Amino acid sequence: MPVVGGVVPLPQLKAAKKLTDDELKNSLQRLYEQPCAKKKARKDDDSKEIAENMTKNSCKMRNREQTEKDREACKRLYEQPLAIQKNLIATLEKKHVAALDAGHPPKVKLTNEQSEEAVHRLYTQSVDHKKNVRESTEKKVYGEAPPPRKLNSETLKENIEKLYNKDVESKNEKK
């Protein structure tokens, strides 16, 4: 295909073919009815096989007496889980009934305003707690700072002159 002005032209699409009624019926049968029939046939085969297996197994169980091992397996696999589940349900019911009898109100959904207030409260509490922890840690590590001293103007001038004179003397010594 020739490139015109940096653009590759698209090929012309053919007009869509109109299906006749027979073609439409054939495609419908091929795309929908045949897969549905296959699924139904497979399901019927599976059900027949399951029914045959069930009758075979039930005949075996009828012809043979239940042994102690079978009874134990039945108890372990069926009765024990049911008993555990019943006990769990009973303890949960007692717990919740006791909570209701004790005067605990049922759970209430918060409105948007209440949830925003709770979030704001929790956030400010968290920030205050972090600030308090940081301040107490700084006090433990660095100790408390002594209160600032107030210098009168004479002592301030003397200190400035001492610092200035030391700086000038050190520069003169370097030269």
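Select L77. At 61% relative accessibility, L77 counts as exposed (exposed means over 50% relative accessible area, buried under 20%, partly exposed in between, with a 1.4 Å probe and protein chains only). L77 lies in helix 2, residues 68-101.

This is a predicted model: local features need pLDDT of at least 70, side-chain atom pairs count only at pLDDT 80 or more, and totals for chains, interfaces and linings use all residues. Numbering starts from 1 along each chain as its sequence is written, and side-chain values use heavy atoms, with hydrogens and water left out.

Now add Y78 and L82. Together with L77 they make a nonpolar surface patch of about 320 Å².

Move to helix 1, residues 21-63, and pick E52. E52 is partly exposed, at 46% relative accessible area. Add D44, D45, D46 and E49: with E52 they gather in a patch of negative charge on the surface. Asp and Glu count as negative, Lys and Arg as positive; His and the chain ends are not counted. Each charge is placed at CG of Asp, CD of Glu, NZ of Lys or CZ of Arg.

Patch residues have over 30% relative accessible area and no salt bridge; like charges are joined within 9 Å, nonpolar side chains (Val, Leu, Ile, Met, Phe, Trp, Tyr) within 5 Å. A salt bridge is a side-chain nitrogen of Lys or Arg within 4 Å of a carboxyl oxygen of Asp or Glu.

Next, helix 3, residues 112-142. Its end C-alpha atoms are 45 Å apart, in agreement with the 45 Å expected for 31 residues at 1.5 Å a residue (the expected span is 1.5 Å times one less than the number of residues). Just after helix 3, click G143, which has a positive phi of about 80 degrees.

Finish on helix 4, residues 153-174, which reaches 32 Å from first C-alpha to last. Helix 4 is hardly covered: 0 of its 22 residues are buried.

Zoom out. The protein has 4 helices and 0 strands (DSSP runs numbered from the N terminus: helices H or I, at least four residues; strands E, at least two). Buried residues make up 1% of the 175.

Notes: Accessible areas come from the Shrake-Rupley method with a 1.4 Å probe; for residues, only the protein chains shown count as cover.
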